[in-house]
Amino acid sequence: MAVRRRQRRGPGGGRALLAALLLCVWWRAAGERVRYAIPEELGRGSLVGPLARDLGLSADQLPARKLQVASAGKKQLKYFTVNEENGNLYVNERLDREEMCGESATCSVSFEVLVHNPLNIFHVEVSIEDVNDNSPVFSEAALELEIGEWTLPGARFPLEMARDADVGMNALLTYQLTSSPSFSLALKESSEGSKQPELVLDRALDRETQSSFELALTAVDGGDPARSGAVQIRINVTDLNDNPPVFSKGVYEARVAENLPAGSLVLRVQATDADAGTNGRVSYSFSNVHGTISSLFTVDSESGEVRTAGPLDFEEKSKYIFGLEAKDGGGLVAHCKVQIDITDENDNAPRSRCCRCRAQCLRTLRSARWWLC
């Protein structure tokens, strides 16, 4: 009886197996991505691309196939919408690359679209390209320097680096200094490729002849057209302060676990100054950092302790690099880098998505195996 039953119902089991195999072949094909690239700041209604055409759908197929964006609960999907009549993908909300991806070198939004009757799932990735919509900015309106009149020509004084929220060439900065017979500008290239502006003393100072100088430092980005930002430099010629602070390290590194409570100690920087009295007293502060860093970390101006100020999330960002400066009572400044690596904690439950077509595939395969037994 078992043999006769297998012979009588074998064709049905074969058809089920064939359907399962075809469905799995389709599943692999649907994993391919459709990619588009658009500049940021496009307005609502701007065309991203002819999605239906790129998926191989004709205009007369659209009413029955019902092309639509899937997983609409995801935050990033608010940026795009599909027109049901022509199948084109449009911008649904203004795209600000810096707001979406911060300083990341690449920025893209990935999502899925559904095509019904039969059900297909396609992956779509839209790359957001940077435009030069941000000017270089300095954290302070003016920089205060105190330089002793005994300082020899050739001495260099590091200046604050400007920050540009754009990326790539649009964030590549050069610097210019107003003309002065006593000072010039030098650029020191760091290992990261950025340029550190330094004020160079070209000739000896005489406090009795001129006790102060006012210059302007301008940062120009690499965009076309270029954008710029400036900061005033106020120099006070003093009688005594011949030793700048010196950090014990050029780069301080630490590894901390995510979800540390606010106020937790991360690391401590230390700078010494060979001068006595006020000129040898060192205070610590951030050096040209954006709001994200100052909202997550604090630095004690006296002890140099860096502590957490807000929640750290490995899934959001796994590494922070920023600058600190040490300034003595005479205005001389030294800089160092801080690198903090965030380690992952098991604080996220596994995510799963139920897909009807996968469930159908599994049911079909089980049915096929049963009939072939």
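Select E144 to start this tour of a predicted model. How exposed is E144? Its relative accessibility is 45%, which counts as partly exposed. Now add R234 to the selection. R234 is partly exposed too, with a relative accessible area of 38%.

Zoom in on the two side chains. R234 and E144 meet in a salt bridge, 3.4 Å from N to O. Next, colour the two strands that hold them. E144 belongs to strand 8, residues 142–148, and R234 to strand 14, residues 228–238. The two parts are 90 residues apart in sequence, so this salt bridge ties together distant stretches of the chain.

**More salt bridges**

Move on to R156 and E198. They form a salt bridge, and their closest N and O atoms are 3.1 Å apart. This pair also links distant parts of the chain. Select strand 9, residues 156–158, to find R156. Select strand 12, residues 195–201, to find E198. The two residues are 42 apart. Is E198 buried or exposed? E198 is buried, at a relative accessible area of 9%.

Now pick D341 and K319. Here the closest N and O atoms of the salt bridge are 3.9 Å apart. D341 lies in strand 23, residues 333–343, and K319 lies in strand 22, residues 319–328. The pair ties together parts that are 22 residues apart in sequence. Turn on the surface and look at each partner. D341 is buried, with a relative accessible area of 17%. K319 is partly exposed, with a relative accessible area of 37%.

Then select E41, R94 and D96 together. Salt bridges with shared partners join these three residues into one network. How many salt bridges does a search of the whole structure find? The search finds eight.

**The disulfide**

Show the cysteines next. How many disulfides are there? The count comes to one. Its partners are C101 and C107, with sulfur atoms 2.0 Å apart. Look along the S-S bond. The angle about it is 60°, and the link of C101 and C107 is right-handed.

Compare the cover on the two ends. C101 is partly exposed, at a relative accessible area of 23%. C107 is buried, at 3% relative accessibility. While cysteines are on display, click C336. C336 counts as buried as well, with 4% relative accessibility.

**Strand 6 and its partners**

Select residues 108–115. This is strand 6, and it is mostly covered. Six of its eight residues are buried.

Now add residues 68–69, which make up strand 3. Strand 3 and strand 6 pair in the antiparallel sense over two bridges. Which residue of strand 6 stands opposite Q68? That residue is L114.

Add residues 120–129 for strand 7. Strand 6 and strand 7 are also antiparallel, and they pair over eight bridges. Click S108, then find its bridge partner in strand 7, S127. Follow the backbone from strand 6 to strand 7. The hairpin has four residues between its strands. Stop at N117, which takes a positive phi near 55°.

Show the backbone hydrogen bonds here. Strands of a sheet pair through such bonds, either parallel or antiparallel. Then switch the side chains on. In a regular strand they alternate between the two faces of the sheet.

**A three-stranded sheet**

Select strands 17, 21 and 20. They form an open sheet in the order 17-21-20, with antiparallel pairing. Which strands stand at the edges? They are strand 17, at 265–268, and strand 20, at 297–299. Each has a single partner strand, so one side of each is left without a neighbour in the sheet. Tilt the view to see the twist. From one strand to the next, the twist averages 20°.

Look at one pairing in detail. Strand 21 covers residues 305–308, and three bridges join it to strand 17. Within this pairing, L267 has V306 as its bridge partner.

**The whole chain**

Zoom out and colour by secondary structure. The chain has six helices and 23 strands. Now colour by burial. Of the 373 residues, 39% count as buried. Show the accessible surface, which comes to about 21000 Å². Carbon and sulfur atoms hold 49% of that surface.

Finish with contacts. Take those between residues at least 6 apart in sequence: 66% of them join residues at least 24 apart.

Definitions and conventions:
Residues are numbered from 1 along each chain as its sequence is written. This is a predicted model: local features need pLDDT of at least 70, side-chain atom pairs count only at pLDDT 80 or more; totals for chains, interfaces and linings use all residues. Side-chain values use heavy atoms; hydrogens and water are left out. A salt bridge is a side-chain nitrogen of Lys or Arg within 4 Å of a carboxyl oxygen of Asp or Glu. Buried means under 20% relative accessible area, exposed over 50%, partly exposed in between (1.4 Å probe, protein chains only). Contact means heavy atoms within 4.5 Å. Accessible areas come from the Shrake-Rupley method with a 1.4 Å probe; for residues, only the protein chains shown count as cover. Two strands pair if DSSP finds at least two bridges between them. Axes are lines fitted to C-alpha atoms, for helices over the stretch in contact, and angles run from 0 to 180 degrees between N-to-C directions. A disulfide is a pair of cysteine sulfur atoms within 2.5 Å.
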